[in-house]
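Trainee: I'm new to this one. Could you walk me through it?

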Amino acid sequence: MFKKIFVFFAFLFFSFSSAFSRVNEDVVHDALGFMLGGDSGWGAVTNEYEIDGCVTTYVQPFGDMNLIAIYDFNKALWNSAASQVGDDGVEYFILNGEVGVQEVYAYDADGLDVSDGLWVFGLEAGQSTTLFFPILVDISRFENAMYDLMDECPGIKSKY
C-alpha cells in the first residue's frame, strides 16, 4: 500500500513540476521580437518565424537573398551578453554560448545556398558560438526584453 501511495505522489510531483517548467513561448515571442525589431516587433524583421520553446527560427529578406537564422537560447551563456558599436556605427548585441547558439544560412532567389558569401557582412555561416544582431532601441529597453527572455530560457549555467 505504501508503495502505491509513494508512486502516486511521485507521479503528481513530476507532473506538476514539468507542467510549471515549460517555456512561455508568448514571452519568448514578445521579448525576442522586440529585441530584433524594436517597437514594431517581428513585423519589422519577418513574417516567417517559428518558436519552439527556446529555439527560434526565422527567414529574413537580406538584400537579394533570404537569410535563415536559428537561435537556440538553451545554449546561451547569458553572463557573456554585451553590446558593441561596429565599424558601421551601429550598436550590436553579442551573446556567446555553445556551438549552435546561432545558425545562419542564406539562399538566393533561385534557392541556391549562398551562405559562404555571408562573411562579407561579418556573419559566420552555419553553426557558431556567438549570437550577433543589431540593437534598434534604447539599450535599457533592450535589456528589459533580454531579461524577460533570460527568465524563460536560462541557457548554460555559469558563475562567470
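Trainee: What is the mean pLDDT of the protein, and what share of its residues reach 70 or more?
Mentor: This is a predicted model, where local features need pLDDT of at least 70, side-chain atom pairs count only at pLDDT 80 or more, and totals for chains, interfaces and linings use all residues. Residues are numbered from 1 along each chain as its sequence is written, and side-chain values use heavy atoms, leaving out hydrogens and water. pLDDT is the predictor's confidence in each residue, from 0 to 100. Here the mean is 89, and the share reaching 70 or more is 87%.

Trainee: Over which residues is the pLDDT below 50?
Mentor: Where pLDDT is low, the predicted coordinates should not be read in detail. The stretch in question has zero contacts (heavy atoms within 4.5 Å) beyond near neighbours in sequence. It covers residues 6-19.

Trainee: Which helix or strand gives the largest share of the largest nonpolar core?
Mentor: A nonpolar core is a set of buried (under 20% relative accessible area, 1.4 Å probe, protein chains only) Ala, Val, Leu, Ile, Met, Phe, Trp, Tyr and Cys residues joined through side-chain atoms within 4.5 Å. This one has 28 residues, and Phe73 is among those touching the most other members. Helices (H or I, at least four residues) and strands (E, at least two) are DSSP runs, numbered from the N terminus. With six residues, the largest share comes from H2.

Trainee: Is Asp52 buried or exposed?
Mentor: Asp52 sits in strand E1, residues 48-52. Exposed means over 50%, with partly exposed in between. Asp52 has 52% relative accessibility, so it counts as exposed.
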